[in-house]
Amino acid sequence: MAASDVLIACVGKPSAGKSSFLNAVSDASAKVGNYPFTTIKPNRGVAYVPIDCACKRFGKEKLCKPRYGRCVDGTRWVPIEMLDVAGLVPGASEGKGLGNQFLDDLRTADALIHVVDVSGTTDSHGKETVGYDPINDVEWLTGEIEAWIYNNLKTKWSSTMRRHVAVHADPAFTLQQQLSGYGVRLPLVLSVLDKLRQVLTSPDHPTPYTKDVIAALESWDDEVLRTFVKMFVEEKFPTVIALNKIDLPDAAKNIDKICRKYDESRTVLTSALAETFLRRLAKQGFIRYHEGTDRFDTAEDDESGAVEGGQKLKTMDEKTRSRLEKVQDLVLFRYGTTGVLSVLTTAIKLLHLVPAYPVKNIHNFSGGGHGGGVFRDCLLLRPGTTVREFARKVHPEIDRCYLWAEGVGGVRLGEDDIVTAANNVISFKTSQEITRKEDGGGGR
Ligand SMILES: Nc1nc2c(ncn2[C@@H]2O[C@H](COP(=O)(O)OP(=O)(O)OP(=O)(O)O)[C@@H](O)[C@H]2O)c(=O)[nH]1
Ligand SMILES: [Mg+2]
């Protein structure tokens with residue numbers, strides 16, 4: 001079984017800190033540099049996000065043993081896959097800075113993290129400068145993504161329409177086929193079409209369209225197509241804005257300006273540099289870092305008896321200690337956290353993902369195979385995933401010998417039932433034993 005079914009991509013202009021962000025939250029070690037286009041080929045990594053685990057609901061916290069990640073007192077750290085792509089510059093959709101090729105790397109992302117250099121020390125092309133206003137960067141990126149998808153659709157639009165009319169195709173079906181390269185499914189297209197109809201036929205629209213025009217693709221004019229693309233991008237690529245480099249001096253004044261203008265629920269302040277430093281110190285055994293908080297323990301805390309148990313921490317040299325104090329002063333005391341984990345949890349929330357637990361035994365929640373324990377596996381599913389689709393994600397072979405699915409209490413689940421928080425612990429009955437091939441984690 002794949003460790004993750006969700007892909008979150010870091011986007012933004014060159015030198016905003018995308019690769020630093022990926023390194024800070026995942027196991028990746030992407031190249032970082034203070035010059036534009038350090039990244040050309042996309043980097044991948046696996047990050048872990050905290051969710052409330054099912055073991056808590058059933059009072060089985062002590063027995064919980066995830067195959068990937070960990071579960072501590074009912075908080076489970078679930079793997080998600082991350083992607084870091086090359087920097088985009090204004091005009092990317094027209095091919096500037098190899099933009100088309102770079103945009104293509106994003107096609108299958110479920111959500112985007114728009115990394116913005118809020119310090120104003122890099123210009124729109126990622127070159128070093130002073131006093132640049134980062135509000136410009138927040139603005140153009142979405143427009144660039146819309147233009148890229150619009151251009152892709154528009155190039156083939158007249159031939160697509162000829163075929164659409166000739167075969168009397170369903171509009172949603174034609175659009176889904178045209179957008180299949182973005183991993184788009186029919187429910188998403190239907191939902192966008194629904195919104196499009198509501199907005200463009202509303203009496204509040206300056207020149208309202210009739211329902212018939214919206215229903216007949218061949219009668220769409222440019223405004224309808226552009227509005228469709230705008231709504232499609234909103235649904236397909238929910239975006240969190242990471243205002244990065246908050247540790248630098250000019251960040252504070254720019255943050256104020258941006259936060260006044262943009263939706264607070266989608267804007268997070270980050271210092272990828274500070275998080276990378278804290279995690280490195282933790283890995284080297286100098287601190288015990290409580291990720292997502294402003295807290296860490298040092299060797300002195302252990303000696304003073306403030307902390308009990310765990311591995312003994314090493315004593316830092318003066319240089320490292322003073323860097324750590326700086327991170328505390330500039331980031332942790334001022335902003336509470338480095339923000340990077342918060343970006344991931346915000347992205348997960350925007351996607352409304354449903355955690356689902358395939359178990360071998362629906363009565364004691366064991367997973368079969370080696371290692372014992374309960375709730376061995378957990379997948380974050382996109383909303384609307386059916387029981388049968390879930391089975392397919394658990395193991396492609398289950399699909400071939402699928403008999404039926406059982407929920408908690410032995411309740412039989414239909415294969416077209418939607419997996420929700422209420423029925424997300426499932427045991428699949430098969431006509432033959434499935435042998436699990438451990439994939440070592442990280443795959444999709
Ligand atoms: N002060 C500070 N510097 C940062 C932070 N994040 C990244 N940087 C620095 O910004 C520069 C660019 O970082 P990268 O992670 O390579 O940026 P990128 O967006 O991947 O750049 P490209 O691959 O060229 O598109 C490097 O010098 C990083 O050390 C941060 O939170 N604070
Ligand atoms: Mg990079």
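**Exercise 1. Place the domains of this predicted model and state how far apart the C-alpha centres of domain 2 and domain 3 lie.**

Solution. The C-alpha centres of domain 2 and domain 3 lie 36 Å apart. To see which residues these centres stand for, turn to the domain assignment of the chain, which gives residues 144-229 to domain 2 and residues 356-430 to domain 3. Domain 1 is assigned in two segments, 7-141 and 239-348.

**Exercise 2. Work out the strand order of the open sheet formed by five strands, and name its edge strands.**

Solution. Begin with the order, which reads β11-β10-β14-β12-β13, with mixed pairing. Next, look for strands that pair on one side only: these are β11, at residues 379-381, and β13, at residues 412-413, and they are the edge strands. Finally, add the helix that packs on this sheet, α14 (residues 387-394), which touches β10, β11, β12, β13 and β14, and whose direction makes about 75° with that of β14.

**Exercise 3. Trace the pairing of strand β12 with β13 and with β14, residue by residue.**

Solution. Take the β13 side as the starting point: β12, which covers residues 402-406, pairs with β13 in the antiparallel sense over two bridges. In this pairing glutamate 406 stands opposite arginine 412, while alanine 405 has leucine 413 as its bridge partner. The hairpin of β12 and β13 has five residues between the strands, and in this hairpin glycine 409 takes a positive phi near 80°. Now turn to β14, with which β12 pairs in the antiparallel sense over four bridges; here the bridge partner of glutamate 406 is serine 427. Glutamate 406 therefore has a partner in β13, arginine 412, as well as one in β14, serine 427.

**Exercise 4. Decide whether valine 85 counts as buried or exposed, and describe its surroundings.**

Solution. First locate the residue: valine 85 lies in the loop between β4 (75-84) and α3 (99-104). Its relative accessibility is 1%, and because buried means under 20%, valine 85 counts as buried. Then consider its contacts, leaving aside neighbours within four places in sequence: valine 85 is in contact with Cys10, Val11, Lys18, Thr39, Pro42, Asp105 and Leu106. As a last step, compare separation in sequence with separation in space, for which isoleucine 40 serves as an example: valine 85 and isoleucine 40 are 45 residues apart in sequence, and their C-alpha atoms are 7.1 Å apart.

Conventions. Residues numbered from 1 in each chain as written. Chains lettered and ligands numbered in written order. Predicted model: local features only at pLDDT ≥ 70, side-chain atom pairs only at ≥ 80, totals over all residues. Heavy atoms only, no water. Domains from an automatic or database assignment. Pairing = 2+ DSSP bridges. Contact = heavy atoms within 4.5 Å. Axes fitted to C-alpha atoms, helices over the stretch in contact; angles between N-to-C directions. Buried < 20%, exposed > 50% of the residue type's maximum accessible area, 1.4 Å probe, protein only.
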